[in-house]
Structure formats: structure tokens, C-alpha cells
Amino acid sequence: MKKIKKLINNNKMNVLLITISFIAFITGGIAIGWIKSFIVIGLIDFFLFGWPVVTKKIKKTNKKTTSSNKKTTNYKNGTKKNNSHKKTKSNTKNSSKTTSPKKGSIKKKKTLKIILIVIFSIGIVSLLAGFLFFFMIAKNAPNFDPDKLYKKESTILYDSEGKIIAKLGIEKREKISYDDLPEVLIDAIIATEDSRFFQHNGFDLPRFLKASFGQVTGASGAGGASTITMQLVKNSFTSTIDSGWEGIKRKFTDIYMSIFKVEKSYTKKEILEFYVNSYYLGSGAHGVEQAAITYFGKSAKDLNLAEASLIAGLFQAPNTYSPLNDVEAATKRRKTVLNLMERHGYITKEEKDIANAITIESLLTEKKGTGQEYMDFIDTVVEEVKLKTKHNPYTVPMEIYTTMDRKQQDHVNKIMSGETFKWENDVVDAGVSVVNTQTGAITAIGAGRHRTGEGTFNNATMIKKQIGSSAKPLYDYGPGIEYNNWSTFTPWTDEPYNYNDTKKTEVFNWDGGYEGWMTSRYALTYSRNIPALKAFQKVKNNNTYKFVTTLGLSPELDGTFIHEAHALGGYNGENPLSMAAAYAAFANEGYYIQPYSFTKIVYRESDEVYEHKYVETKAMSEETAYMVNDMLVSTAGYALFQFGNVNGYKYAAKTGTTNFTEDDKKKFNLPYNAINDLWVIGMTDEYSIGVWYGYDRINKDYVSKFGNAYHSAVFQAVAKGTFTRSTNIKKPNNVVSVEVERGWMEAYLPSKYTPANLRVTELFKKGTEPTIVSKRFSQLDNVINLDGKKENGNTVKLTWDPIKEPDAINETYLKGIFNKMFTKPAYQESNLKARIDWNTKYMGDIVYDIYVLGSNGELQLLGTTNETSASIPIYSTKEPITYVVKSAYSIFKSNASSGSSITVNFDGQSSIIYSQLNGDPNASVPVNTFYNDPGVTVYENGVVVTPSSSSKTYRNTDTDKEIDSIDFSKPGNYTITYRVTFSDYTKTHVRTLKVVG
């Protein structure tokens, strides 16, 4: 025992290496096999133990040989004694030099051994960890049961009231044996999915390492590492989780089951047969046989290269590449498959080109519907369940409690099918989403008019379209109210304008014109593009980004910047569901809820429960939400025209329209007024509806045109079965309604005299409302230095100093205002001119109205002048006369000054006589009508008196002859001349009279 201890103490390093080697051998034997483990450990131990021994022996042998040769040489030359003496001296002298290198070499070897031991130990620990990991994987891996590939319990879906909608998983399936598979289909699948399928044991290590390295380095096209066997396992027995610890466990579970449970129990042909029969391949087809029947109306054994390559491409993403869903995507995918087949030597380039030349449309059989009444909603649920749980309801039995409102869904179904709505034509399509505003629950879905099976493209949830003007509340006015404290009044100028890009691209309104000054409410209601862009530019870009992304939208980024086209919805893009959910926040006190289609899942095989709890995210303040919603209520009536009335209810809404590029118009020969996508998003505090209307592809024969109102008609039809009352949102305490005056670039309170058509009530956040009264229509100043003196004769002359010209009509002042309001000189001038023209038409110039104060205290207007003096006839000098002069506009009189007054005194002795022609001085009477001549009245000091003499003569002006009387029996033109005399006063008056036939 002591010898053993001594041996161990003297060889600690070697004993440690032997122990580690033994552990490594055992671990390696379990992990990779005993023979492989023995070879690997043996080679490592030889390098650590054997190689140093062999090297040492070789050196020893070489040393003896060298020494022997030296002795022989010395004996021959007879110099043995002397050489020996020299050698001894030399060795003595240099002993220190020969010893040092030997010690350094030993040190180096020892260090190397320690490094190797550390590396070896890390390797052993890694192997042990790997062993434990695989032990865990093996213990928890499910059993591979081929029967479960085809026979599964169905998934049951319930509506919002707990009633069954449908059962999934009881699919129509036609199986095919390996022997009946055409070689061209096998080749296509192998080339595309697993080119080394027949060589590996279920796990392709080189491919796995290559893909892993590519994914770590971020290389594009790194691809996946799943073999056909692994895909079979993942699709039917594990899950689709790809990330995190769960993703790693799932991947290695796939590897373990593929190697030890599938490949060891089944032949490659059997595995491939499982694979082609178990996969869902889109449009309701399970397995290649059913897919061939569904798409081409034939058995899989009869497929040609063009057809087989299309089906092989479906395994990666059946819904995406289904030819009944997206021919363009299916065509691109088939091209990829054919390229891979050529690369791996299954087909020639000529065969590839021939197959590519055959259009997919020409291969497809007649499209058939799914027959499932609620498939639009079911597909929405299935996609969300797959996204959230990584499990497919078609292959994993579940009980899914959905949010579908059966009544609403039935209503939408009838609209989409044309049962209750007359569509524009048979080609146009639409997408509809209905969301509960308060909970975010999806209650109804219209996925499209031309869907042909389960899992096909969903217009309500999958499109990524430009949203046009429906972006304006989201990207422009909403962020401005939230972050810049704008009001619904905040003024803008609609004028020629451009983006801030390098080209300074000009922006146009939908009507090609400009309307000058307007409020935010007006700009949104009438969907003016220029104010919207200006609003977008006024808000910090990162604030806008925060605002819209919190609302679940997906803006495009130019670096970290949202490009300006977002102001007008010019980005790709959104869908009816994302838009309905975003708008719902405006009617939900600013809270955004990500829309969802189910509340709970119960896994039928394990009774495990997955619950979805919706989360409210504060996207904006309650004040912002209320103010935007209020503007959208104003917008709804105008934007939807005759379709704005929904059961008599009030609601909020905005439309959106996108245009084609000029290049597309030329390329597809589209009419000048062709438009692309049309949107309506509208909501009450109960429900939010998103509608997209348009065409799947550009076609000159089927295209929407400017003025098309079908999108509004679709929205109205959906809303009639959704909106049960008017929107009813309580105004927050921090929002105030204030009447303001229109027309300036600042909010002012209206004055007492502001016209009704220039008053508007708008919303402000408390503390930001205006407090200054507008001076535009303030009461004018009174004249000063008013004086009055009697002149010779019967007149009084009044004089005064003029008032200062008000700013409201002062051209210099207005020019300064309009230069601030508008950006372009030409438009500054044109809008200044427009304001001056308005002033001229509705206000006029500054004039002075002259009144006389009557004995009853009332003012009687005597006349108006734009001068600073006036001669006024007087009719009596018995009493003093009080005159009042008011500053006023010649047309707009409401804000005339209160008036300056002066009283003129007379001697009261002389009489003032004057006469007055009564009635119309230019009279007109019909033929055969009696004319009662009102005559002339004479006054003395304001009292009617009888003239001392008077006469009246008639003249026919048609013949220019005096006549005795007027002939009323026929048409004619006459004059009546009156001559009056009273005391020394004489006066002649003339009246024209026309007898009309």
C-alpha cells in the first residue's frame, strides 16, 4: 500500500491524466460509442504519455551512437589521452551551461501538460454536461407514434358566448405510398428540403454546423439545419419554437428523436412516406396526394416537373406559397425549387427553363371554397394561436375560446358574400376587421371575397398596404396635440409646399388646389395634405415614432428617422386590424390594446390552460384621445358623404386613398384618375371598424377611380350591423371648449362684433386656451375735434379729425401678418390680396356716418362720407340741433364707433322752407293700372305747409312732346314736372314714370 501511495505521489500528474482519461472514455462511450471513444482517448493519451517516452528513447539512442563514433575516431589517431583530458576540462568548465537547458525543457513540458489537462478537463465537463442534457432530452422526448401523424383529436373553437364554432383537425386527407410517389416529386423534395437525406442518420452534422455558424455571424441565406426527419418530428410531435432555451430544447429533441426513435425504427422510404402524407400544404390540403388533387385535380403520381416543384415548395410555408393565395409568391418559390434541383443534378438547365415557362395559372384546377362558415375568423385565431403558443391547432388538440361575436360575424359574412351588399364587380376585394374598443377583442373578420380554403391570405390581418389620409390623425395631429399641446383650432396655411428631401419634392392636395388659412379640425375634416405634412414636420420625429409604435403601427425607418411620406400614409404598411386597433385608442381614453382573437386555450391531451389577458398600454393622454376623436366625429359626416348616416348614430371616422405612381400609370395604361387602395376607419366607444377596399393586382380593366365611394358603402354596411348607438365619450376635465375667431395664425377670443360665420368653438387643453380678445372687429374709435357751424343759407358744416386706419384693413399691417403665415412670396401676396378683397367686399372702407338726434332721442341717419367734413341742410332754426358722427366701415356696420356729438345753436328767427318729392322718383306701373300720384310736400321749419302756387306738367319722352295726360292703356315712358312756390321759395321736382305692357 505504501508503495502504491509513493507511486501516486511521485506521479500525481500522470495519475490525474489516467483518471480523467477513464472518465472521458466512459462518457464518450455513452455519447458516441465505445470504439470511437477508445480511439479518441487513446490518441490523446498517446500524445500525452507515449510520445514523450518514444522521443526520449530516440534521443538516448542517438546520443549513444554519437559517443561511440567519437571514441573510434580518437583511437585511430592515437590521441585518446589528450582528447579525454580536454573533454574533462570542457565538461567541468561548462557544466552550468549544459544543465540549464535541460531544466527549462522540463518546465515547458510541465506547463504544456497543465494546459492540456485544463483543456481536457473542460472537454470532460462539457461532455458530462452534454450527456446530462441529452439524458434530459431523451427522458422528456415524446414517443414517436406514426398513428398520431394522421389521427389526432380535433381542436374545438367556441364563440364569445361559449357556443361551438367549428372543429379542426378532422381534415380531408388522401394518403399515398412511397412506391406511388413520382420520382420527380421525390427529387424535388430531397433537393429542396434535405439534399443528404439518404446519407445521414437523421441528423446532418455538417449542415447543422454550417447553418449555426451562418446564423451566429448573421450571414444571409444561412438556412436552417433541420433534416426531413427532424421536420417530421417538429411538425407532429414537438413544436415550432425557434428561440431561447425552449427553442434549443426543441431543436435537440428533434435531433434525438430523429436519430434514436425514427431513423433506427424506420427505413428512409417509410420516413419520406410519413413526411409527404403528414404535412399540411395549404388551402385545406393535408399531404401531397390531397395537395395534388386540390391544386391540379390529379393524383400525385401523375405530377409533372412544373407541378411537383410547386408542391415541394409548399413544405416551407404552405399559406405563403399556396398558388390559390398568391400566384406571384408561388411562382418565385417554384423557381427556387427548380434551381436547387438543377444544382443537385436532378434536372438539366433545359428542363428547368421549360418548367419555369409554364405559368402556374395554367396548371391550377377550378378553385373551390373551404365550406367552413367561419373560416375567416378561424384562420385569424389559428395564426394568433400559432404565434403565441408555437403550436398548430390543426395538429395539437385544443379547446379555444374565441372572441368572435357570432351575430356580427354573420353580418360581415353576408356582406362579403354579396348576399346583403351589391359589390362594384366580381373582381374587387376587401378586408374588414371589427374590434371591441374597450377590450381589444376581435369580434368579426372579413378576410376577403375570393378565398379558396383554410389558411389562405387574409386581407384583414396580412396585407401591408399604404394607408393614405387615414394616417393623418395618427402621424400628424395626434402627436401634435399630445406633445406640442395643440388644440383642434391650431391654424395652418394650405399653400404650395414640399418635402424636406434632397429633391424638395412638391406635395399636392387631392384637388390640386390650395385653400389658405384653416384650423386643424378643418384640415383633417377636408383631408388637406399640406397642413398634414406641416403638422408632421412640427413634431419631434422620435415623439411621432413613440406615438405610432405604441399604437401598434409599423412605420418604415430611414435609419432612426420616420420619413415624411408617413404624414400622408405613404409607407408599407398596415392592415384593417392594425388600423382598427390604433383608432380604437382615440375612443378608449388613450389606451391601446393589442387586438386578440381568443381568451383561453385548454390543451385536450394534458388539460394545461393557456390564458390570454389583454394589457392596456397608455399611448396618449385622455385629453389627446378625446380631442382627436372629436375632430374625427366632424370628419365622418364629410368624408363618407351619403354613407355617413349609420342608423342615425354619430361616430368618428377617417377615409384614406392611395395613388398610383406615374410610372405605374404608364406601365399598366391606367386612366388619369385611377387610384389604388381605399380605406375607412371608424369607431364609437363600443366598436372600431377597419375597412380596406381595392384590387389584388393592377389591371387597367379593373381599377378604382377618383370619386369611388364603394369603400364608404362597405363601411356603412358593416357599421349598420355593429354600431348600436352613437359614440358617447365624456369630455375630460382638462379639456375646455372655447369660442374663438377664425382667420389669424393665433387663437383669439372673438370680440363683441365678430361675425357669426367667423366664430368657431374648438377644444383646448386647460391652461392653453386663448385669453386675448381679437381686435379685428373691435369697435372703431370715435372721431375727435368735431365742430359744427351754420353756413350762409340753410346748411351746417361739420368738421372732425379722421381716425387711424384699423389694423384689420391696413395693408402694411396685413402684409406683415401674411408674410409670417405663408412661406412663399407669391402666395403671401395672393393671400394678402384675397384678404384685402374680402375686406373690400364684406367690410368696405372707413367712412363717417352722420346722424341727427331727434326729439324722441333716436338717431336719424342723414348721410355718409369718407371725407372729414360735411355740409348738412337744416330745416328749422327754432331749436338747437344735435349732430352725431360715427366712425364705421362702409359695409360692415356692427362695430361702428359709439359716436362723437355736437349741438349747433341758431337765432331762432328766420324760417327755413324746403319741399320734398314724395314716393318713388322713378315709378313704374302696369298697363291699364290706375296711378295714384303722391305729389310734393312743402315744409316750413319742419312743418308741412300749403304752397302758394303749384303746377304739374306731363311729357311723353318717347315722342319728346308735352301732353295733357298720361295714356295708361299702352306702354310708354313719361315725365311729370312739379313746380312749387311758397313765399319767396320756388322749387321744381321731376318724376319719371314708365307704363309697362
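Helices and strands in this tour are DSSP runs, numbered from the N terminus, with at least four residues for a helix and at least two for a strand. The model is predicted.

**Start: the whole chain**

Show the full chain before selecting anything. DSSP gives 29 helices and 36 strands. Of the 997 residues, 47% count as buried. Take the contacts between residues at least 6 apart in sequence: 69% of them join residues at least 24 apart.

**Stop 1: the second largest cavity**

Select strand S12, residues 591-593. S12 gives 3 residues to the lining of the second largest cavity, the most of any element. Now add the rest of the lining. The full set is Val435, Asn436, Thr437, Gly440, Ala581, Ala584, Ala585, Asn588, Tyr591, Tyr592 and Ile593. Besides S12, the elements that supply two or more of these residues are strand S4 (429-436) and helix H24 (576-584). The space inside is about 40 Å³. Colour the lining by residue class: 7 residues are nonpolar, 4 are polar and none is charged.

**Stop 2: the largest cavity**

With a threshold of 30 Å³ or more, the count is 2 cavities. For the largest, select Tyr280, Asn319, Asp379, Val382, Glu383, Lys386, Asn392, Tyr394, Glu454 and Gly455. They line a space of about 80 Å³. Which helix gives the most to this lining? Select residues 375-389: this is helix H18, which contributes 4 residues. Colour by class again, and this lining shows 3 nonpolar, 3 polar and 4 charged residues.

**Stop 3: a covered helix**

Go to helix H12, residues 288-296. Is H12 mostly covered or mostly open? It is mostly covered, with 7 of its 9 residues buried. Pick out Val288, Glu289, Gln290, Ala291, Ala292, Tyr295 and Phe296, which are the buried ones. To see what lies over them, show helix H7 (183-193), helix H11 (268-278), helix H13 (305-314) and helix H17 (360-363), which are among the elements that cover these residues. Then step past the end of the helix to Gly297, which follows H12 and has a positive phi near 65 degrees.

**Stop 4: backbone details in loops**

Select Asn572 and Gly573. The peptide bond from Asn572 to Gly573 is cis, and its omega is near -20 degrees. Gly573 sits in the loop that runs between strand S11 (561-562) and H24, the helix that also appeared in the lining at the first stop.

Next, select Phe641. Its phi is positive, about 50 degrees, although the residue is not a glycine. Phe641 is in the loop between helix H25 (622-639) and strand S16 (652-659).

Then move to Ser983, another residue other than glycine with a positive phi, here near 55 degrees. Look for Ser983 in the loop between strand S35 (972-982) and strand S36 (985-996). Is Ser983 buried or exposed? Its relative accessible area is 57%. The cut-off for exposed is over 50%, so Ser983 is exposed.

**Stop 5: the sheet S22-S23-S26**

Select strands S22, S23 and S26. They form an open sheet of 3 strands in that order, with antiparallel pairing. Strand S22 (784-790) and strand S26 (869-873) are the edges, each pairing on one side only. On average, neighbouring strands in this sheet are turned by 20 degrees against each other, direction ignored. Zoom in on S22 and strand S23 (residues 795-801): the two run antiparallel and are joined by 5 bridges. To check the register, label Asp787, which stands opposite Thr799 in S23.

**Stop 6: the sheet S29-S31-S32**

Finish with another open sheet of 3 strands, ordered S29-S31-S32 and paired antiparallel. Its edge strands are strand S29 (913-917) and strand S32 (943-945), and each pairs on one side only. Here the average turn between neighbouring strands is 40 degrees, direction ignored. Select S29 together with strand S31 (residues 936-940), and look for the 5 bridges that join this antiparallel pair. For a last label, choose Tyr914, whose bridge partner in S31 is Tyr939.

Conventions. Residues numbered from 1 in each chain as written. Predicted model: local features only at pLDDT ≥ 70, side-chain atom pairs only at ≥ 80, totals over all residues. Heavy atoms only, no water. 1 Å grid on protein atoms, 1.4 Å probe; cavity = no way out; pocket = protein on both sides within 12 Å on 5 of 7 lines; lining within 4 Å. Points joined across faces, edges and corners; volume = space filled by probe spheres on them. Nonpolar A, V, L, I, M, F, W, Y, C, P; charged D, E, K, R; others polar. Buried < 20%, exposed > 50% of the residue type's maximum accessible area, 1.4 Å probe, protein only. Contact = heavy atoms within 4.5 Å. Pairing = 2+ DSSP bridges. Axes fitted to C-alpha atoms, helices over the stretch in contact; angles between N-to-C directions.
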